[in-house]
Amino acid sequence: QVQLVESGGGWVQGGGSLRLSCTASGSIISINYMAWFRQAPGKQRELVASFTNAGNTNYADSVKGRFTISRDNAKNTVYLQMNSLKPEDTAVYYCNADLYERTWSNRVVYWGQGTRVTVSS
């Protein structure tokens, strides 16, 4: 079994910064990509940023220039540095990992439990 453990959420005033972390542990052969999604109240879950094994990153238009995703492959950890936060960034943020578990034929996707980010105006 694989677990994704997130940390770093909390409350911040608008314009402030937070850094989220997510570490994957368990019977991991290799991780293809790790990503952050978020879900605001009454809205669908959306992709915030992703980081592939090849080092490619992708960002939602709404966070470009403000958020930075990074990854420590040795620690199976992905980070999301969030700067210039806005009230509309308020959401539960979920870590997501596409990986091979136990064998190269077992490709699975895991989700973290979510960490809440609240940005006040």
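In this predicted model, Arg38 is buried, at a relative accessible area of 5%. Its salt-bridge partner is Glu46, with the closest N and O atoms 2.7 Å apart. Glu46 is partly exposed, its relative accessible area being 35%. The cut-offs explain the two labels: 5% falls under 20%, so Arg38 counts as buried, while 35% lies between 20% and 50%, so Glu46 counts as partly exposed.

A salt bridge also joins the side chains of Arg66 and Asp89, at 2.7 Å from N to O. This pair links distant parts of the chain, 23 residues apart. Arg66 sits in the loop between β6 (57-59) and β7 (67-72). Asp89 sits in the loop between β8 (77-82) and β9 (91-101). Both residues are buried. Arg38, Glu46, Arg66 and Asp89 are linked in a network of salt bridges.

The whole structure holds 6 salt bridges. Another of them pairs Asp61 with Lys64, where the closest N and O atoms are 3.1 Å apart. Asp61 is exposed, with a relative accessible area of 64%. Lys64 is partly exposed, at 49% relative accessibility.

The largest pocket contains about 190 Å³ of space. Its lining includes Arg38, Glu46, Arg66 and Asp89, the residues of the salt-bridge network. Ala40, Lys43, Gln44, Ser62, Lys86, Glu88, Thr90 and Ala91 also line this pocket. By class, the lining comprises 7 charged, 3 polar and 2 nonpolar residues.

Note on methods:
Residues are numbered from 1 along each chain as its sequence is written. This is a predicted model: local features need pLDDT of at least 70, side-chain atom pairs count only at pLDDT 80 or more; totals for chains, interfaces and linings use all residues. Side-chain values use heavy atoms; hydrogens and water are left out. On a 1 Å grid over the protein atoms alone, a cavity is a set of points where a 1.4 Å probe fits but cannot get out, and a pocket is an open set with protein on both sides within 12 Å along at least five of seven lines; lining residues have an atom within 4 Å of a point. Grid points are joined across faces, edges and corners, and a volume is the space filled by probe spheres set on the points. Ala, Val, Leu, Ile, Met, Phe, Trp, Tyr, Cys and Pro count as nonpolar, Asp, Glu, Lys and Arg as charged, and the others, Gly among them, as polar. A salt bridge is a side-chain nitrogen of Lys or Arg within 4 Å of a carboxyl oxygen of Asp or Glu. Buried means under 20% relative accessible area, exposed over 50%, partly exposed in between (1.4 Å probe, protein chains only). Helices (H or I, at least four residues) and strands (E, at least two) are DSSP runs, numbered from the N terminus.
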